[in-house]
Each structure stands twice: as C-alpha cells, then as structure tokens.
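Trainee: Please take me closely through a single part of this structure, namely its charged side-chain pairs and their surroundings. I should like the criteria stated as each term appears.

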Amino acid sequence: RMVGIRPKSSKLTKSSEAVEYVSFAYKELQNTKYHKSENAKYALTLLNNAIQRDSTYGEAYALMALSKFILLYEIKDEEEMKKKLNEVRNYVDIALRYDPKNELALTGKSEFTALKSIDGIKNKGIYDDITNKLLDKVG
C-alpha cells in the first residue's frame, strides 16, 4: 500500500516508517520552542532515517534541502557556504527527480536558483524571506 503525508505530492512511498520520519521532520521544522537551526539539525537526523527506509522518497529530499538551507546562515567561510549551497541545490534536484511535482522542491528550486552568489545568504533579510517562504510550504 502506498502512503504519504502530502496530498499534493505525486510520489508516495511504500515505507510507512519513511512517512513517519518525514512527518516528524515536518513537525520539528515548525517547532517554535527552539531556534530554526536546532530544529533543522534534528530534522536532518529524521530525514536521513527516512531516506534509509526509502531512497526514492522525494519529499524527504525536499525537506533535506530546506533543513540544510536553514543551516547555511551559520557558516562564515565563503567557500564552505558555496559548497553547502550546491549541496542544497543537489537535494532539490534529487527530490524533483523522484517527485517532479513536489511543491516544496519546486519552490526551493526557483528560490535557490535566484541566489547567483552567497550574497543573498549573507543578507539576513533575503535569507529570512527565502526561509520563511519555504517554511510556509511546510506548514
């Protein structure tokens, strides 16, 4: 039986455990008791578990991209930030490969592509706008 947690997602999974981990990651990313970066770090652990259960679950990769993007703001080294931004973009591409209609990944792709450089991340306003736009997709 195919299961999933996002009704607008086209690709579901046969792993109920993967769905459970992704569901927990959604809740964690929306948790207002802790800082966004703490939530993102915990969500990454959950999402790694989801991907271990189903390596083709696009929703897990889309959330992985969002979580890793949230953590970019903590990076001060420009080369490291560029590397991590490419990693974020890669997770979006993987999500779309497995789930071409995934709303979070599609929004992430347009937002991350617009970041021609890391200046958008260094600018707190732009970073917050992108983060909040993506978190709204999660909510």
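Mentor: A salt bridge is counted here when a side-chain nitrogen of Lys or Arg lies within 4 Å of a carboxyl oxygen of Asp or Glu. Glu-38, Lys-41 and Glu-74 are joined by such bridges into a network. The model is predicted, so local features need pLDDT of at least 70 and side-chain atom pairs pLDDT 80 or more, while totals for chains, interfaces and linings use all residues. Numbering starts from 1 along each chain as its sequence is written, and side-chain values rest on heavy atoms without hydrogens or water.

The setting is helical: the protein has 7 helices and 0 strands (DSSP runs of H or I with at least four residues, and of E with at least two, numbered from the N terminus). Read along the sequence, the pattern is α-α-α-α-α-α-α. Of the 139 residues, 46% count as buried (under 20% relative accessible area; exposed is over 50%, partly exposed in between, with a 1.4 Å probe and protein chains only). Among contacts (heavy atoms within 4.5 Å) with a separation of 6 or more, 63% come from residues 24 or more positions apart.

Searching the whole structure gives 9 salt bridges. One of them is formed by the side chains of Arg-53 and Glu-17, at 3.4 Å from N to O. Arg-53 belongs to helix H2 (residues 36-53) and Glu-17 to helix H1 (residues 16-29), so this pair ties together parts that are 36 residues apart in sequence. Neither partner is buried: Arg-53 is partly exposed at 33% relative accessibility, and Glu-17 is partly exposed at 44%.

Helix H2 also holds Ser-37. With a relative accessible area of 6%, Ser-37 is buried. Setting aside neighbours within four places in sequence, Ser-37 touches Ile-70, Leu-71 and Glu-74. Glu-74 is thus both a contact of Ser-37 and a member of the network with Glu-38 and Lys-41.

Helix H4 deserves particular attention. Glu-87 is bridged to Lys-68, with their closest N and O atoms 2.9 Å apart. Glu-87 sits in H4 (residues 78-98) and Lys-68 in helix H3 (residues 58-72), a link between distant parts of the chain, 19 residues apart. The relative accessible area of Glu-87 is 21%, which places this residue in the partly exposed class.

A second bridge from H4 is that of Asp-93 with Lys-109, whose closest N and O atoms are 2.8 Å apart. Here Asp-93 in H4 is linked to Lys-109 in helix H5 (residues 103-114), 16 residues away along the chain. Asp-93 is partly exposed at 34%, and Lys-109 is likewise partly exposed at 36%.

The bridge between Asp-93 and Lys-109 belongs to a wider interface. On the H4 side, Val-88, Arg-89, Val-92, Asp-93, Ala-95 and Leu-96 take part, meeting Ala-105, Leu-106, Lys-109, Phe-112 and Thr-113 of H5. The two helices pack at an angle of about 145° with their axes 9 Å apart (axes are lines fitted to C-alpha atoms over the stretch in contact; angles run from 0 to 180 degrees between N-to-C directions).

The buried residues of H4 include Val-88, Val-92, Ala-95 and Leu-96, each of which also meets H5. Also buried in H4 are Met-81, Leu-85, Tyr-91 and Ile-94. Asp-93, by contrast, is partly exposed while taking part in the meeting with H5.
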